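Hi everyone, thanks for making time for this. I'd like to walk you through one structure, so please have a look at it on the screen.

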Amino acid sequence: EIKNIDDYNPNHGFDYDIIVIGGGSGGLSASKEAQKLGFRVAVLDFVKPSPQGSTWGLGGTCVNVGCIPKKLMHHAALLGEHAHHATEFGWKNDGNIVHDWETLKDNVQDHIKGLNFGYKVQLRDEGVTYINKLGKFIGPNQLEVVDKKGRTDVISAARFIIAVGGRPVLPDCPGGEHAITSDDLFMLKKSPGKTCVIGAGYVALECAGFITNLKQGDVTVLVRSKPLRGFDRDIVDKVVDTMKSQGTNLIIGVTPTNIEKITNGDKDQFKVTYSNGESDIFDTVLCATGRKADTDKLNLESLGIEMNNKNGKIIATNEQTNVPHIYAIGDVVDNTPELTPVAIMAGKLLAKRLSSNLNKDNVTTTINAHDYMNYNTIATTVFTPLELGTVGLTEEQAIEKYGEENIEVYLSHFTPLEHTLLHLDENNCIAKIIVTKADNNVIGMHIASPNAGEIIQGYSVAMRKGLNYNDLQNTVGIHPTVTEELVTLTITKSSGKDANKSGC
Amino acid sequence: MTEIVYVKNKDEFKEKVLEKSKTSPVILDFYADWCPPCRKLGETLTEKVKSSNGWTVVKVNVDDEDVGEIAEDHEVQGIPAVFYYEGGEKKDNFVGFNAAKLDEFINKAASAGK
């Protein structure tokens with residue numbers, strides 16, 4: 001049956017077939033795929049400097065101020081930990097291992113700039129036009145674009161893919177403008193020093209974690225309600241326990257009420273007052289309370305595009321907005337996971353669907369179910385010092401969906417072999433599997449341990465194919481590893497037995 | 001003492017590479033500040049060009065605003081990307097910090113001046 005997604009006419013007469021607004025994970029993926037499939041594509045990418053003045057090149061949040069620098073700094077911090085632990089394994093050092101922030105920052109930034117260059121070359125090789133300008137809609141098919149010198153131009157397209165992502169929000173208390181965000185942290189010229197982190201989501205805790213372990217200064221985290229809301233509580237507890245034992249100070253149930261700049265000789269410091277009346281002085285205040293979709297200046301309202309007014313995000317079904325020729329992918333889309341691989345896959349699949357009615361004989365092929373993005377059962381990892389890997393439902397979500405009596409929770413508190421020579425807290429790691437009692441199908445898997453990110457990926461492949469608890473039990477584990485915990489879990493919460501490991 | 005020449009746009013490229021190489025060889029180096037092998041290559045070139053007998057080194061920073069077309073014409077994908085210009089034409093090139101190839105270029109340039 002012939003089905004046009006949006007009445008696309010190849011002889012539209014506009015400058016481009018598709019303009020992608022935003023050159024991040026989603027935008028670059030969609031534009032390269034679309035160009036490969038025969039469309040004439042342009043990518044608009046322009047970074048508005050952060051309030052502190054930070055700016056960056058092509059590639060979006062992940063490459064410049066997200067996943068990439070975050071993971072490198074997380075790794076830098078782990079290397080410090082390993083260096084300290086090495087004495088128990090026979091390495092002789094005087095225990096005086098010092099970290100230089102500038103070296104780390106410079107090397108991370110060099111790598112990022114290499115990636116910016118690589119993307120420019122890639123787009124050029126694929127034939128995608130890269131336009132380093134800021135765009136806004138002035139008509140259903142027209143964008144007014146302005147470059148950094150203020151010169152304007154108008155470009156047009158038959159279709160648009162909005163992939164502008166989001167930017168961090170600043171604190172709304174007085175003095176909020178003194179805070180830096182993740183937009184600034186990874187290119188900070190000097191060490192962050194003694195840091196106040198506002199927020200308790202994954203960005204806040206990942207940053208608090210590596211700043212602590214890079215020994216840059218004391219870190220205090222202001223947690224409004226609870227850490228890592230939305231993640232499984234038992235798993236989060238282990239992550240937070242480790243952070244505390246490493247010296248991160250978490251204050252639960254407070255928000256900042258005032259941030260005051262104090263000039264102390266030649267350096268600026270900030271006095272942060274909390275809602276419980278206490279206060280402290282810091283070298284850096286890092287706000288990581290959340291992100292807002294970057295749709296303010298796009299002028300989407302003029303086209304009548306449906307948005308979620310609370311977060312500025314675009315409402316889309318199968319990545320199509322209520323205006324048929326305008327699509328959206330990535331963090332800007334409401335109610336989808338804010339993850340790079342999600343944006344990349346959604347972008348690729350969308351480009352494929354858009355080309356499915358680009359056929360010489362003008363006949364549209366049917367689109368199959370797997371050609372649509374499946375936002376379920378997506379594994380993700382929080383790169384706190386003790387990593388948190390998760391796929392599927394948390395215990396709280398499982399109880400809400402099925403009822404406590406209809407699920408079974410398997411649990412183990414354990415110590416990785418590599419930690420046994422160190423004087424760390426016993427059983428500081430945890431693994432959990434949640435199944436529906438009726439059929440023993442696995443609906444959630446979670447782990448807090450070293451390398452959780454590497455561990456959890458394979459299990460998400462299995463879960464998407466319909467993993468059963470018996471499949472796990474029938475799998476021979478690899479010994480000695482951490483991941484084998486997930487195929488040897490036998491103790492249930494409901495049995496009341498002690499889930500702590502002791503001995504081999 | 002000869003110093004490194006920096007080219008910032010197509011006009012300068014025409015003058016300092018295409019025209020200049022008609023009289024003496026030019027070693028053209030596409031580089032970037034964030035590229036460690038580029039730094040190494042740059043250090044070697046700076047040293048060697050001091051005792052040049054006429055040949056010159058021209059460097060183009062791929063992040064500069066107006067050099068995009070020059071880089072595209074040379075199909076620059078990886079850096080450092082080094083080209084040997086003689087008689088107004090590119091005769092040879094290599095990518096990456098290739099010490100052997102760099103020596104070859106420098107020797108060729110030096111002997112052309114004799």
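Let's begin with B:Cys35 and B:Cys38, which are joined by a disulfide, with 2.3 Å from S to S. Do keep in mind that this is a predicted model. The link between B:Cys35 and B:Cys38 is right-handed, at 75° about the S-S bond. Both ends are tucked away: B:Cys35 is buried at 4% relative accessibility, and B:Cys38 is buried at 2%.

How many disulfides are there over all chains? The count comes to 1.

So why is A:Cys173 not in one? Its closest cysteine sulfur, in A:Cys287, lies 8.3 Å away, which is too far for a bond. A:Cys196 is in a similar spot, because its sulfur is 9.5 Å from the closest one, again in A:Cys287. A:Cys173 is buried, at 10%, and A:Cys196 is buried too, at 0%.

Back to chain B and its sheet. Here 5 strands form an open, mixed sheet in the order 1-3-2-4-5. Its edges are strand 1 (5-6) and strand 5 (89-95) of chain B, each pairing on one side only. Strand 1 of chain B runs parallel to strand 3 (residues 56-61) of chain B, and 2 bridges join them. B:Val5, for instance, has B:Val58 as its bridge partner in strand 3.

Two helices to point out: helix 2 (residues 36-49) of chain B packs on the sheet, and its direction makes about 155° with that of strand 2 of chain B. Helix 4 (residues 99-112) of chain B packs on the sheet as well, touching strand 2, strand 4 and strand 5 of chain B.

Key:
Residues numbered from 1 in each chain as written. Chains lettered and ligands numbered in written order. Predicted model: local features only at pLDDT ≥ 70, side-chain atom pairs only at ≥ 80, totals over all residues. Heavy atoms only, no water. Pairing = 2+ DSSP bridges. Helix = DSSP H or I, 4+ residues; strand = E, 2+ residues; numbered from the N terminus. Contact = heavy atoms within 4.5 Å. Axes fitted to C-alpha atoms, helices over the stretch in contact; angles between N-to-C directions. Disulfide = S-S within 2.5 Å. Buried < 20%, exposed > 50% of the residue type's maximum accessible area, 1.4 Å probe, protein only.
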